[in-house]
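Subject: Structure handover

Hello,

Here is the structure we talked about. Please open it and keep it beside you while you read my notes.

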Amino acid sequence: MAAATVTSTTTSSCSSYYYLLCCFFAAAVCLIAPSLTTGVDAGPLDANLTAELSVDASFRRPIPSTLFGIFFEEINHAGAGGLWAELVSNRGFEAGGPNTPSNIDPWLVIGDSSFVVLSTDRSSPFERNKVALRMDVLCDLESCPSGGVGVYNPGFWGMNIEGGKKYKLVLYVRSLDSIDVSVLLTGSNGLRTLATTIIKGPASAVSDWTKVETVLEAEETDHGARLELRTSKKGVIWFDQVSLMPEDTYKGHGFRSELVEMLKEIKPRFIRFPGGCFVEGEWLRNAFRWKESVGPWEERPGHFGDVWMYWTDDGLGHYEFLQLAEDLDTVPIWVFNNGISHQDQVDTSSILPFVQEALDGIEFARGDASSKWGSLRASMGHPEPFNLKHVAVGNEDCGKKNYRGNYLKFYEAIKRVYPDIQIISNCDGSSHPLDHPADYYDFHVYTDASNLFSMSHQFDHTSRSGPKAFVSEYAVTGKDAGTGSLLAALGEAAFLIGVEKNSDIVEMASYAPLFVNTNDRRWNPDAIVFNASKAYGTPSYWMQRFFAESSGGYLVNSTLVTSSSSSLVASAITYQDSKDRNTYLRIKVVNFASSTVNLKISVSGLGANTVGLSGSTKTELTSANVMDENSFQQPNKVAPAQSMLQNAGKDMDVLISPNSLTSFDLLIESNSIWTRRSDPLVSVM
Ligand code: AHR
């Protein structure tokens, strides 16, 4: 772990001294008392809690428009077999390595070895991925088993094939004889046919590698389907680069639509990609390298990510990440390898080729369509530059021997060519100043729920000069989190309330990891859980929904006074709703204790404006047990519940449920003071 990472071994509880200082220096952001109870068992002191929250809406401060975003890492099959909708796993037969014969897993034979033999050779037409599949068919129409023999691909633990939907098949084929190949989508045991087509051609048409493109329309649904290539014709056939894509990907860009919709729901303002440790690699030779992930998909070599231990065909590459950022209307934040992996490092004296690789990656993203790398981007379908303005030099590498030396080489070169690019350092600047130039420093925290709850004060004393903080990875982990508990979400919500209040210095924050395919859980917990056909959000995913309106809103001054508890935090913001265009005051409260709280809310500073009696709502995330989780069977067991707020007004008595995150969205009836940022009536904090 790098210096910028806080783990459960680092405590950050708020001592009395800390609390006093905190109140002295930052009264508006200091709300919790010194000692802390856990959300699991708050104890008798927390019985009959009362609290008062005073919100002074005349003091407000703009919140950065980028404050809350997402971090996509290729971990847990988040991309391959996940967000990237490609249904064929190991489509180019490269996953077993460049040497032949190689393992073609998960492809499997249809028929036994007296009828058909599968092997690999290096006859592919693609220079960067030479391995192809050779299929020797030993039987013919008379002697082959009924339906023929061949090869099938089960996808990533089964393909989700849905009746009525279309799937685009592309494959490359070669044979010295004519071919007659049936392409089928079948149920998981191969017995039920969902869609079929036939590829036929004379020897003259297929004696050289030939690209075949066709569309399969499924007549039935199977969530664990497979793709089969069968024949009853004796001879030798080679296959390579076999791809099957649903036609209904998001904007036709290859992303699994329902997963993108879930991302849109939390309104991310930036997307950091593609890792994480995935960027570093256990060894440099296995790190993600952007140049290997661009250009025609068939020509990409793919690679084995040796940190999370799986192969990716790299269909989801540098271009697609930038496209995803654009499709989500978010700011892209590219993390590149800085010549450092977990196990090996490039010496600073030899780092320049890596610096050039990063510069080229920026040119690919935003260079003119006539530039060397910009022209490749244009040829892939995006002549206009992508809006890349942020890059991170490595991931969690600060403590490593060559980091500072390498970092400076990247920093100087990038600033020379692209002075407007914002550069993110891996070193933690939250407690002491950085010893090198940076626009942002990266801050990671994985810890237990109580500790993260107390870290709502983490940035209260951070210097306001110097680079801004980018909390690019935060989460409750360990036994408090299970595989995504309410308790974890509450600790995280309290931490984010602290981030929101310190958003003059913390400009961006994202939960990690974002996705997990349940067939390959490499990291627990995660925000969005899926398999081939289903997906649900963990409480931590839903927790982020409560912060979706904060980016670009205004932080409002709020002060919380509680009877005895240290288990309550709160904040207030104003925002304009993107749909109804109304202005709302949103008050968020995290109750980390297992007792109900009687909360008196008083709102002042609204001037001539009033709180609408109708149109104001309460939204609550809670559950009977603080360790409750969602699942495929009960995807919404712990999900926000919204109701109309009957007693909406400037003064309200409300009940805050035990172990809950609650937001009150108060409709502000006149927009006069809210819509003008520089209104003289409004003091900016
Ligand atoms: O989010 C999972 C991992 O945690 C990331 O790859 C890494 O940056 C951190 O250690």
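Start with one pair of residues: K166 stands opposite E217 in β12. Strand β9 (residues 166-175) and β12 pair in the antiparallel sense over 8 bridges. Two strands count as paired if DSSP finds at least two bridges between them. Strands (E, at least two residues) and helices (H or I, at least four) are DSSP runs, numbered from the N terminus.

A word on the source. This is a predicted model, in which local features need pLDDT of at least 70, side-chain atom pairs count only at pLDDT 80 or more, and totals for chains, interfaces and linings use all residues. Residues are numbered from 1 along each chain as its sequence is written, and side-chain values use heavy atoms, with hydrogens and water left out.

The sheet

β9 and β12 belong to an open sheet of 5 strands, in the order β5-β6-β14-β9-β12, with antiparallel pairing. β5 (116-121) and β12 (210-217) stand at the edges. Each has a single partner strand, so one side of each has no neighbour in the sheet. From one strand to the next, the twist averages 30°. That angle is taken between axes, which are lines fitted to C-alpha atoms (for helices, over the stretch in contact), and runs from 0 to 180 degrees between N-to-C directions.

Confidence

pLDDT is the predictor's confidence in each residue, from 0 to 100. The chain averages 91, and 91% of the residues score at least 70. Where does pLDDT stay under 50? It does so over residues 1-46 and over residues 673-685. Among the elements, helix α1 (residues 16-25) has the lowest mean, 26, and strand β25 (residues 528-530) the highest, 99.

The cores

A nonpolar core is a set of buried Ala, Val, Leu, Ile, Met, Phe, Trp, Tyr and Cys residues joined through side-chain atoms within 4.5 Å. Buried means under 20% relative accessible area, exposed means over 50%, and partly exposed is in between (1.4 Å probe, protein chains only). The largest core has 121 residues, and F495 and F515 have the most contacts inside it. Helix α10 (residues 486-501) gives this core its largest share, 11 residues. Leaving out residues up to four places away in sequence, F495 touches V445, L452, M455, S456, Q458, F459, V471 and Y474. A contact means heavy atoms within 4.5 Å. Another core, of 38 residues, lies apart from the largest one. F93, C139, M159 and L185 are among its members.

Helix α7

Which residues of helix α7 (residues 372-379) are buried? They are W373, G374 and R377. These residues cover an arc of only 105° around the axis, so they sit on the same side of α7. The arc is that of the directions from the helix axis to the C-beta atoms. On the other side, K372 and S379 are exposed. The cover over the buried residues includes α5 (318-327) and α6 (352-366). Just after α7, G381 takes a positive phi of about 115°.

Unusual backbone spots

Most residues other than glycine have a negative phi, and most peptide bonds are trans. Now look at the exceptions. The bond from T100 to P101 is cis, with omega near 0°. D105 and P106 are also joined by a cis bond, with omega about 10°. P101 is in the loop between β3 (70-71) and β4 (108-110), and P106 lies in the loop between β3 and β4 too. W157 has a positive phi near 60° and is partly exposed at 41%. N659 has a positive phi of about 45° and is buried at 7%.

Best wishes
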